[in-house]
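Student: I would like to go through the terms used for this structure and see what each one rests on. Can we take them one at a time?

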There are 2 protein chains.
Amino acid sequence: MTTIADVARAAGVSVSTVSYALSGRRPISAETRERIQAAIDELGYRPHAGARSLASRQTRVMALAAPLRTDLYVPVIMQFVAAVATAARAHDHDVLLLMNDEGPAGLERVAGGSMVDAFVVMDVATNDPRLPVLRRLREPTVLIGLPGRADGLSCVDLDWEAAGRLAVQHLVDHGHTAVALVGPPPAAYERGTTYAHRFRTGFETAAAETGIRGLAVPCEPSHDGLGASLARVDTEQPGTTGFVVHNEPVVGTLLHALRGSGREVPHDVSVLAVGPHELAEGQAVRLTSIGIPADEIGALAVEMVADLLAGRSPQTTLVAPRLVERDSCAHRSDSSAGV
Amino acid sequence: MTTIADVARAAGVSVSTVSYALSGRRPISAETRERIQAAIDELGYRPHAGARSLASRQTRVMALAAPLRTDLYVPVIMQFVAAVATAARAHDHDVLLLMNDEGPAGLERVAGGSMVDAFVVMDVATNDPRLPVLRRLREPTVLIGLPGRADGLSCVDLDWEAAGRLAVQHLVDHGHTAVALVGPPPAAYERGTTYAHRFRTGFETAAAETGIRGLAVPCEPSHDGLGASLARVDTEQPGTTGFVVHNEPVVGTLLHALRGSGREVPHDVSVLAVGPHELAEGQAVRLTSIGIPADEIGALAVEMVADLLAGRSPQTTLVAPRLVERDSCAHRSDSSAGV
DNA sequence: TTGAAAGCGGTACCAT
DNA sequence: ATGGTACCGCTTTCAA
């Protein structure tokens with residue numbers, strides 16, 4: 001293994017000069033810099049991360065606490081993970097992966113061992129037990145999601161409430177007066193994951209404000225689960241012509257079920273999906289959808305980590321939802337709202 | 001921050017004694033051990049990972065190179081990642097996440113900086129450019145997958161060829177004489193990902209050996225993609241009564257398409273899926289399926305890392321496929337094979 | 001069974 | 001602009 005001393009010797013300078021050449025923390029003559037760089041290239045020198053972290057008290061690694069749940073849509077989770085990892089590299093950081101099954105103890109372990117400089121935490125619940133721990137740690141934290149109280153911690157997330165409103169508004173604009181939300185599984189609501197609540201709140205608020213009928217039903221992500229939810233809608237709110245699906249796994253199933261019950265999309269009913277655009281586009285009818293900008297949010301999270309590391313104060317950022325029109329929402333020119 | 005010296009002082013022993021008490025590398029009297037443990041608990045001491053890796057030349061971190069492709073079924077990838085992360089923790093290791101977009105350079109960077117003790121690499125292709133690099137590195141590697149030549153590296157994977165044979169055999173056992181494989185997208189074959197080839201080889205070999213008709217068609221993971229593939233099957237091999245789907249995203253779509261063309265499952269045609277059991281169970285008809293034991297393979301990978309770290313030689317392990325019977329494969333008692 | 005001290009490979013202060 | 005060197009916190013000889 002080649003060390004900084006080897007490089008110094010080869011370049012005919014002192015170790016401190018090599019160190020400063022590397023960090024740029026003090027002026028080095030162009031000529032010296034070149035000799036050093038040549039030595040580094042020739043020897044294939046790589047600073048020892050452990051030695052560096054010991055001396056400098058920073059690791060250039062950030063921890064990413066990612067969820068491991070079956071009631072979450074995995075492709076989106078993975079997109080967040082990939083976005084954070086990629087953005088971290090762009091900031092010359094690596095990512096230490098923490099699976100949430102370790103809980104608060106895992107965060108303490110990693111922080112206590114000085115393994116990371118900061119935390120990015122996904123899947124935060126209203127009263128997440130990790131929050132008090134994170135506040136106490138000296139390493140800064142960015143939450144992907146929005147807990148009940150965010151004080152002292154940075155947060156980034158989609159503005160789910162605005163997304164819920166946007167969905168309803170789009171259907172209202174198309175003349176719908178009875179809309180249903182096929183939401184996440186009950187478990188997602190019960191767990192206190194705020195995005196489920198926030199979307200639903202936006203949905204219900206907008207329905208109330210625009211004076212249309214709106215019904216939100218949770219949905220288990222299976223063929224039968226969707227069947228049950230759809231039955232509830234048909235029973236509790238007959239005449240529903242607009243569907244919002246905030247439950248990726250059942251998007252395709254919903255389409256088939258509607259068709260199976262004689263309702264053509266978009267001729268008889270409109271469907272608006274919330275989820276990845278690829279999902280929306282891969283269906284029998286290309287679905288109008290509100291995307292989840294995981295790449296953007298992941299990159300923002302890392303940006304905010306950098307801010308905190310630079311000494312700036314925690315902040316909360318909500319990303320505005322964006323709707324892409326495709327082929328699943330049609331105008332209802334007449335006033336008939338029967339099935 | 002509390003250091004080993006603080007602990008030593010509090011316990012009234014030397015630093016080396018604390019170190020040895022922690023590592024267990026030399027006998028410590030029960031009484032001393034207790035005093036040390038008490039001091040550790042009281043002070044909340046955590047060894048500094050960087051200092052430790054500097055002195056001991058090992059990090060207790062393993063790198064996990066995970067793919068970032070859109071043509072892979074993400075839930076399964078994630079299951080591998082979770083399995084490796086969990087197993088790593090069970091071996092007192094952490095996981096540094098590498099997204100494959102960095103390629104061989106990322107591996108060299110991380111190894112050169114002494115950030116990890118070993119590598120677990122997913123999504124290996126026949127002539128993966130990372131292989132020569134990994135062979136050269138001093139850190140041992142375990143591949144999840146099977147490259148063209150595995151010499152010098154450990155490998156774990158599902159025995160995909162056996163899986164392909166198992167699928168055909170199951171359909172043959174149920175009296176089918178014309179079976180089709182709806183496989184992964186062309187990109188998966190072209191990339192040289194061996195699992196696609198191996199499954200297909202097993203499928204075709206078994207079909208040939210049992211003397212039945214067998215047709216393998218790749219399939220783009222979308223509604224239209226499935227439509228195209230199904231059309232090929234109907235044209236090139238009319239009378240097909242057994243379908244093997246090795247393409248998770250289109251499983252549901254295939255079911256609907258068959259139904260749409262007047263073929264009931266399992267009455268008219270049998271369908272056998274390859275993929276997670278939850279996927280198979282969430283369909284309109286509960287599908288007989290061959291699972292992908294990601295948890296088992298991930299755990300094995302970590303086990304093999306531990307073996308290599310302990311000085312044992314590289315080895316290759318192929319996990320036998322397991323088939324779970326559900327409701328999508330029926331016996332064809334007569335000899336009619338018409339659509 | 002325990003202690004003292006020499007590294008491990010960097011960083012950054014103090015000099016020049 | 002550059003060099004010398006005292007740490008950073010831990011592991012592991014060497015000694016007792």
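Tutor: Start with the contact between the chains in this predicted model. Chain A puts 42 residues into the contact, and chain B puts in 42 residues.

Student: What makes a residue count as part of that contact?

Tutor: The criterion is heavy atoms within 4.5 Å. By that criterion, 42 residues of chain A and 42 residues of chain B take part.

Student: How much area do chain A and chain B bury between them, and on which atoms?

Tutor: About 3600 Å² is buried between chain A and chain B, and 66% of it lies on carbon and sulfur atoms. On the chain A side, the residues that lose the most area to chain B are A:Arg46, A:Met78 and A:Leu97, which together make up 16% of what that side buries.

Student: Which residues of helix H6 of chain B are buried, and what do they pack against?

Tutor: Helix H6 spans residues 103-112 of chain B, and its buried residues are B:Gly103, B:Gly106, B:Leu107, B:Arg109, B:Val110 and B:Ala111. From chain A, they pack against helix H5 (74-90) and strand S2 (94-99). From chain B, their partners are strands S1 (61-66), S2 (94-99) and S3 (118-122) and helix H7 (130-136). After H6(B) comes B:Ser114, with a positive phi near 55°.

Student: Why is B:Gln283 called buried?

Tutor: Its relative accessibility is 15%. Buried means under 20%, so B:Gln283 qualifies. B:Gln283 sits in the loop between helix H13 (277-281) and strand S10 (288-290) of chain B. Leaving out residues up to four places away in sequence, B:Gln283 touches A:His223, B:Val251, B:Gly252 and B:Leu255.

Student: What makes the pair B:Gln283 and B:Leu279 a polar contact?

Tutor: The side chain of B:Gln283 reaches the backbone oxygen of B:Leu279 at 3.1 Å. The limit is 3.5 Å, so the distance meets it.

Student: Why is A:Asp173 called partly exposed?

Tutor: The relative accessible area of A:Asp173 is 46%, which falls between the 20% and 50% limits, so the label is partly exposed. A:Asp173 belongs to helix H8 (residues 160-173) of chain A. A:Asp173 and A:His331 are 158 residues apart in sequence, yet their C-alpha atoms are 8.1 Å apart in space.

Student: How do you know that B:Cys329 is in no disulfide?

Tutor: Over all chains, the structure has zero disulfides. For B:Cys329, the nearest cysteine sulfur is that of B:Cys219, 18 Å away, whereas a disulfide needs the sulfur atoms within 2.5 Å. B:Cys329 has a relative accessible area of 13%, under the 20% limit, and is therefore buried. A:Cys155, at 1%, is buried as well.

Student: Which residues come closest to DNA strand C?

Tutor: Of the 30 residues that surround DNA strand C, the closest are A:Ile4, B:Thr17, B:Arg26, B:Thr32 and B:Arg57. Sugar and phosphate supply 54% of the strand's atoms that come within 4 Å of the protein. By class, the surface near the strand has 13 nonpolar, eleven polar and six charged residues. H4(A) gives the largest share, five residues.

Student: What makes B:Thr32 and B:Arg26 polar partners of DNA strand C?

Tutor: A polar side-chain atom of B:Thr32 is 2.3 Å from a phosphate oxygen. A side-chain N or O atom of B:Arg26 is 2.7 Å from a base oxygen. Both distances are within 3.5 Å, so both pairs count.

How values were computed
Residues are numbered from 1 along each chain as its sequence is written. Chains are lettered from A and ligands numbered from 1 in the order in which they are written. This is a predicted model: local features need pLDDT of at least 70, side-chain atom pairs count only at pLDDT 80 or more; totals for chains, interfaces and linings use all residues. Side-chain values use heavy atoms; hydrogens and water are left out. A residue is near a molecule or strand if one of its heavy atoms lies within 4 Å of it. A polar contact is a pair of N or O atoms within 3.5 Å; within protein, one must be able to donate a hydrogen and the other to accept it, and residues adjacent in sequence count only if both atoms are side-chain atoms. Helices (H or I, at least four residues) and strands (E, at least two) are DSSP runs, numbered from the N terminus. Ala, Val, Leu, Ile, Met, Phe, Trp, Tyr, Cys and Pro count as nonpolar, Asp, Glu, Lys and Arg as charged, and the others, Gly among them, as polar. Buried means under 20% relative accessible area, exposed over 50%, partly exposed in between (1.4 Å probe, protein chains only). Buried area is the accessible area (1.4 Å probe) that two parts lose on being put together, summed over both.
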